[in-house]
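This report examines selected features of a single model. The sequence and structure are shown first, and the discussion follows.

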Amino acid sequence: PCIVVAPQCDRDDTFGGSWYGGTSRTQRAVVAMVRELCTRRSVDSRRVSVIGFSMGAIGLWDLIAHHRDLFAAAVPISGDLDLSLARDLLSFPLWAFHGERDELVSNANTREMYAMMQKLGGLARYTEFPGVGHDAWQPAFARADLFDWLFQQRR
């Protein structure tokens, strides 16, 4: 059992992140919403995870870098990141997914982040789907072990 919240972004805004100049109005609203949800008895604030796809994953990297205290784990799918943030996330549980043939968002920074974290002993996991383009969310969500992993994470 879990609670799923899926915030949507207005057409005239973004989820923030490296492509969009950092924090956005929507990203601030997501942070406020998560903080408010964590005050409810039905929410275990030690087990809040965040998943983002594409623009949502680009914003997710920025979100966890600046608000990691809110989350137990993160799953960016087909997103890009500012590699200067990666060091701050060494001890943070995250599992990134990307398609090998993503034509919209390059997987280069995700690959580099994962290699750096492996070298430095970080907690990151990375799965790249051979032959898959931008729609890596489909094979990512099809993995039963993704949700098993998420439910094991605690802050």
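## Helix 2: length and burial

In this predicted model, helix 2 comprises the 13 residues 55-67. At 1.5 Å a residue the helix should span 18 Å, and its end C-alpha atoms are indeed 18 Å apart, so expectation and model agree.

Eleven of the 13 residues of helix 2 are buried, and the helix is therefore largely enclosed by the rest of the structure. The buried residues are G56, A57, I58, G59, L60, W61, D62, L63, I64, A65 and H67. Their packing partners include two helices, helix 1 (25-37) and helix 3 (108-120). They also pack against strand 1 (49-53), strand 2 (73-77) and strand 3 (95-99).

## A nonpolar surface patch

Which residues form a nonpolar patch on the surface? The patch consists of I51, F53, W137 and F141, which together have about 330 Å² of accessible area. Strand 1 and helix 4 (137-141) each supply at least two of the patch residues.

F141 lies in helix 4. Its relative accessibility is 37%, and because partly exposed residues fall between the 20% and 50% limits, F141 is placed in that class.

## D12 and its surroundings

D12 belongs to the segment before helix 1. Is this residue buried or exposed? D12 is exposed, given its relative accessible area of 61%.

The side chain of D12 makes a polar contact of 3.2 Å with that of R25. D12 is also separated from T26 by 14 residues in sequence, with a C-alpha to C-alpha distance of 9.9 Å in space.

Conventions
Residues numbered from 1 in each chain as written. Predicted model: local features only at pLDDT ≥ 70, side-chain atom pairs only at ≥ 80, totals over all residues. Heavy atoms only, no water. Helix = DSSP H or I, 4+ residues; strand = E, 2+ residues; numbered from the N terminus. Expected span 1.5 Å × (residues − 1). Buried < 20%, exposed > 50% of the residue type's maximum accessible area, 1.4 Å probe, protein only. Contact = heavy atoms within 4.5 Å. Patch = residues over 30% accessible without salt bridge, like charges linked within 9 Å, V, L, I, M, F, W, Y side chains within 5 Å. Areas by Shrake-Rupley, 256 points an atom, 1.4 Å probe, with all protein chains shown as cover. Salt bridge = Lys/Arg side-chain N within 4 Å of Asp/Glu carboxyl O. Polar contact = N/O pair within 3.5 Å; in protein donor to acceptor, adjacent residues only side chain to side chain.
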